[in-house]
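Here is my note on this model, set out as numbered points for a colleague who is new to reading structures. Please keep the sequence and the structure open beside the text while you read.

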Amino acid sequence: MSHKVAFSFADGKTLFFPVQSHEILLDAALRNGINIPLDCREGVCGTCQGRCESGQYSQDYVDDEALSAEDLRQRKMLTCQTRVSSDAAFYFDFASSLCNAPGPGRLKGIVRAVEQVSPNTAILHLDAGADGQQLDFLPGQYARLQIPGTHGQRSYSFANRPNSGNQLQFLIRLLPDGLMSNYIRERSLIGDEILLEAPLGAFYLRHVDKPLVFVAGGTGLSAFLGMLDEIAERGGCGHPVHLYYGVRNAADLCETQRIAAYAERIPGFRFTPVISDPSPDWHGKRGYITEHFDLAEFRDQALDMYLCGPPPMVESIKQWLDTQALDQTRLYYEKFTQSNT
């Protein structure tokens, strides 16, 4: 029996490889060409340390000079002493180049559909299953797409979980005059080839051990669709999940039926859309997302909050958390800067 393990690095690259039952994680990494820095290999020096972001594992021996009790509570681990008992993901706070690790994979996607889901948003459906190997990525990560007919590339979060057929979705904001936007609107055809580089990014779903708050701004929703697909596939995560989704106009809300369906598959799922500049006929939440956070909910329990959206939204929520002194809220975030070309 083997388990699939992901190693993510500070430069945003992620590598996947198999680990045999009872095999030391470091041995499996070295066997697959990932040269994690090491020294003693005896659980003493701490050189090969990382952090388990998801999955089950055990450690044979860890010297208290290498990892403290608090380090262990935070799921820090030593690669030379770790054995996994499930699929798992680990993070290392250094660049993948330090390991002489290969770069992200490059593959070809075929356009299967372009679905307009709001006046300014489309979902690009790609079939990347031609080579027969599953593209592995962590829900929340992104791919870099080569725009057909140009030398330009744009990065988009996966809007679905990994699947054996490599059927991929990307939520795309349609700009007045952008390289990808113009391609989508003016000349995209079923059967077009699009080259992808993936997986990339350090924003992904971690080990869930407390309630989750997801905050999406605009097409930042894409990353959360992938995460929610993963949670729904598992039948839930054992904790409540609350998605806040902020856009400027009600017409910009998209994939609302898909979001509503998560309530049937994820116990404790809640959805709160917020419109910053609503028309008079909008009867839901209006203004800024922070105005609608349940402060009592944040103060009563530890939470994991994930943010994905434009930098001003991310910064305003980080500032709100600091102002409220919500130290027990663990924060993960990704800012995206909208390209103007």
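1. T121 has a relative accessibility of 2%, and because buried means under 20% on this scale, T121 counts as buried. Please bear in mind that this is a predicted model, so that every value in this note is computed from predicted coordinates. T121 belongs to strand 9, which covers residues 121-127. Leaving aside residues up to four places away in sequence, T121 touches E115, Q116, L171, I172, R173, L174, T219 and C254.

2. Which residue stands opposite T121 in strand 9? The residue is S118, and the side chains of T121 and S118 are also joined by a polar contact of 2.9 Å. Strand 8 and strand 9 are connected by a hairpin through two residues, and the two strands run antiparallel, with seven bridges joining them.

3. Strand 8 also pairs with strand 13, again in the antiparallel sense, and this pairing extends over six bridges. One pair that you can look up is G109 with its bridge partner I194 in strand 13. As general background, the strands of a sheet pair through backbone hydrogen bonds, either parallel or antiparallel.

4. Helix 3, which covers residues 179-187, has M180, S181, N182, Y183 and I184 as its buried residues. The elements that cover these buried residues include strand 8 (105-118), strand 9, strand 10 (142-146), strand 11 (153-157), strand 12 (167-173) and strand 13 (193-200).

5. An unreviewed UniProt entry lists residues 104-206 under "domain: FAD-binding FR-type", and this label should be read as coming from that record. Over residues 104-206 the chain is 9% helix and 45% strand, while the C-alpha atoms at the two ends are 20 Å apart.

6. Further along the chain, six strands form an open sheet in the order 17-16-15-14-18-19, with parallel pairing. Strand 17 (285-286) and strand 19 (329-335) stand at the edges and have a single partner strand each, so one side of each is left without a neighbour in the sheet. Strand 17 pairs with strand 16 (residues 269-275) over two bridges in the parallel sense, and R286 in strand 17 is the bridge partner of I275.

7. Helix 4 (residues 221-233) lies across four strands, namely strand 14 (212-217), strand 15 (241-247), strand 16 and strand 18 (303-309), and runs at about 145° to strand 14.

8. Another open sheet is formed by five strands in the order 2-1-7-3-5, and here the pairing is mixed. Its edge strands are strand 2 (14-20) and strand 5 (76-78), each of which pairs on one side only, and the twist averages 35° from one strand to the next. Within this sheet, strand 3 (residues 49-54) and strand 7 (residues 88-92) run antiparallel and are joined by three bridges, and C52 stands opposite F90 in strand 7.

9. For the chain as a whole, there are seven helices and 19 strands, and 53% of the 341 residues count as buried. The radius of gyration is 21 Å, which agrees with the value near 20 Å that a compact globule of 341 residues would have. The C-alpha trace spans about 65 × 50 × 35 Å along its principal axes. Of the contacts between residues at least 6 apart in sequence, 68% join residues at least 24 apart.

Technical notes
Residues numbered from 1 in each chain as written. Predicted model: local features only at pLDDT ≥ 70, side-chain atom pairs only at ≥ 80, totals over all residues. Heavy atoms only, no water. UniProt positions renumbered as here; feature names shortened; annotations may be inferred. Pairing = 2+ DSSP bridges. Contact = heavy atoms within 4.5 Å. Axes fitted to C-alpha atoms, helices over the stretch in contact; angles between N-to-C directions. Buried < 20%, exposed > 50% of the residue type's maximum accessible area, 1.4 Å probe, protein only. Polar contact = N/O pair within 3.5 Å; in protein donor to acceptor, adjacent residues only side chain to side chain. Rg over C-alpha atoms; globule rule 2.2 N^0.38 Å.
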